[in-house]
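Thanks for coming, everyone. I'll take a few minutes on one structure, starting with its sheet and ending with how the copies are arranged. Please look at the screen.

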2 protein chains.
Amino acid sequence: MIRLFHVPLSPFCRKVRLSLAEKKLEVELVEEKYWERSTDFLRRNPAGKVPVLKIDGKILTESAAICEYLEELHPTPPLMPSDVDGRYEVRRLVSWFDDKFHNEVTSNLLYERVNKKVMGSGYPESARVKAGAKAIKYHLDYLGWLLDQRRWLAGNSMTLADFAAAAHLSALDYISDVDWNRNDNVREWYAKIKSRPAFRSILADQVPGFPPPAHYADLDF
Amino acid sequence: MIRLFHVPLSPFCRKVRLSLAEKKLEVELVEEKYWERSTDFLRRNPAGKVPVLKIDGKILTESAAICEYLEELHPTPPLMPSDVDGRYEVRRLVSWFDDKFHNEVTSNLLYERVNKKVMGSGYPESARVKAGAKAIKYHLDYLGWLLDQRRWLAGNSMTLADFAAAAHLSALDYISDVDWNRNDNVREWYAKIKSRPAFRSILADQVPGFPPPAHYADLDF
């Protein structure tokens with residue numbers, strides 16, 4: 001039995017959920033209010049964050065390491081290219097999203113608007129929300145530019161890079177913070193990835209107090 | 001010709017320098033004041049940060065992706081274990097240092113004390129310095145605990161995990177922010193890694209306005 005301790009809108013958890021689902025590995029999702037720092041949870045993961053994956057009798061943390069582990073043990077269907085340059089490009093983009101995009105966009109929008117309220121840690125800072133709303137435009141343009149040259153973000157097949165990007169964007173889309181009209185390439189790419197069976201569980205997420213907009217789960221948004 | 005655009009005390013650059021040196025790949029180091037955001041530099045790396053590696057006619061960014069690329073193309077001597085579980089553990093620890101340790105320690109101590117002055121962006125915030133000084137203790141204890149069970153951080157051979165940790169700690173040691181008396185395991189581990197030929201260039205670093213303490217380059221500290 002595979003078990004994932006997660007929170008629904010965490011892009012790091014979503015990336016792992018997409019990997020598991022694409023590889024048809026069934027998982028039991030357990031919501032974990034990691035900010036309450038329960039002793040049980042800290043025993044599972046001293047870093048005190050999600051995702052935490054219980055698999056093969058082991059407890060795994062750090063989403064990038066988890067995804068590479070799943071890829072090595074369950075290589076079909078592949079989410080990494082077979083050539084060195086291709087794998088580099090996937091890892092570069094996963095870092096781009098989980099570091100740069102995360103700091104400039106996700107933490108300014110999602111964490112200000114949702115996490116603060118859910119965790120009871122105050123109100124959104126408008127300067128941060130504004131900075132996030134500005135930064136996402138530049139990132140959508142960058143995605144559009146990549147997709148001008150490639151079918152998927154890191155090349156001509158779907159990889160972990162697409163899942164990393166879609167994990168952040170889908171969480172932001174849940175709070176209507178993505179302007180899908182900004183770039184046709186990006187919209188088409190997201191429509192493609194959103195319609196995959198692996199995406200279904202993510203489109204069914206519900207966060208109490210934050211109902212998703214109608215277009216969130218609509219494949220024809 | 002391999003060329004690395006870097007800044008001397010950046011732990012991300014140091015990790016790449018250690019990998020290159022361990023694999024005996026000669027590199028020309030070019031100091032890059034990335035915060036001045038020169039157009040030339042931004043053309044090389046739209047993320048606007050270091051390290052940037054010019055190798056095999058390509059321009060590579062994101063230190064974790066760079067190190068995996070070097071490992072795949074130059075597997076000798078290996079800095080990744082040959083088994084899946086071992087590789088997972090290395091990647092987990094690299095993320096631990098480059099994300100958690102970086103946010104809790106390096107950015108609070110090194111960035112407050114040195115980067116702010118070098119970049120002309122103000123004075124250290126004492127609350128952040130205090131938080132960093134507190135957090136490093138907990139991290140040193142964690143390292144000591146790992147080394148109770150293993151010869152190196154991720155297992156019984158030296159890996160990228162050791163380089164990631166040593167990259168952060170050596171940069172902090174340059175400003176005397178590591179208490180080597182806290183844990184014997186950690187001190188012995190650092191003495192071992194510090195005495196490797198790959199470490200020499202790092203021990204020779206000099207940042208104008210910040211002379212290193214005498215023990216910094218001393219193998220018998």
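One definition before I begin: two strands count as paired if DSSP finds at least two bridges between them. And a caution: what you see is a predicted model.

With that criterion, take strand E1 of chain A, residues 2-6. E1(A) and E2(A) run parallel and are joined by five bridges. To pick out one of them, Arg3(A) has Glu28(A) in E2(A) as its bridge partner.

Now the whole sheet. In chain A, four strands make an open sheet, and the order across it is E2-E1-E3-E4. The pairing is mixed. Which strands stand at the edges? In chain A they are E2, residues 27-31, and E4, residues 58-61. Each has a single partner strand, so one side of each is left without a neighbour in the sheet. From one strand to the next, the twist averages 20°.

Next, the helix. H1 of chain A, residues 11-22, lies across E1, E2 and E3, where E3 is residues 52-55. Against E1(A), helix H1 runs at about 160°.

Last, the two chains. A turn of 180°, with a shift of 0.0 Å along the axis, lays chain B on chain A with an RMSD of 0.0 Å. The copies are therefore related as by a two-fold rotation axis. Within chain B, the C-alpha nearest that axis belongs to Asp99(B), at 4.3 Å. As for the contact, both copies use the same surface: 100% of the contact residues of chain B recur in chain A.

That's my part done.

Notes. Residues numbered from 1 in each chain as written. Chains lettered and ligands numbered in written order. Predicted model: local features only at pLDDT ≥ 70, side-chain atom pairs only at ≥ 80, totals over all residues. Heavy atoms only, no water. Helix = DSSP H or I, 4+ residues; strand = E, 2+ residues; numbered from the N terminus. Axes fitted to C-alpha atoms, helices over the stretch in contact; angles between N-to-C directions. Contact = heavy atoms within 4.5 Å. Least-squares fit on C-alpha atoms with pLDDT ≥ 70 in both.
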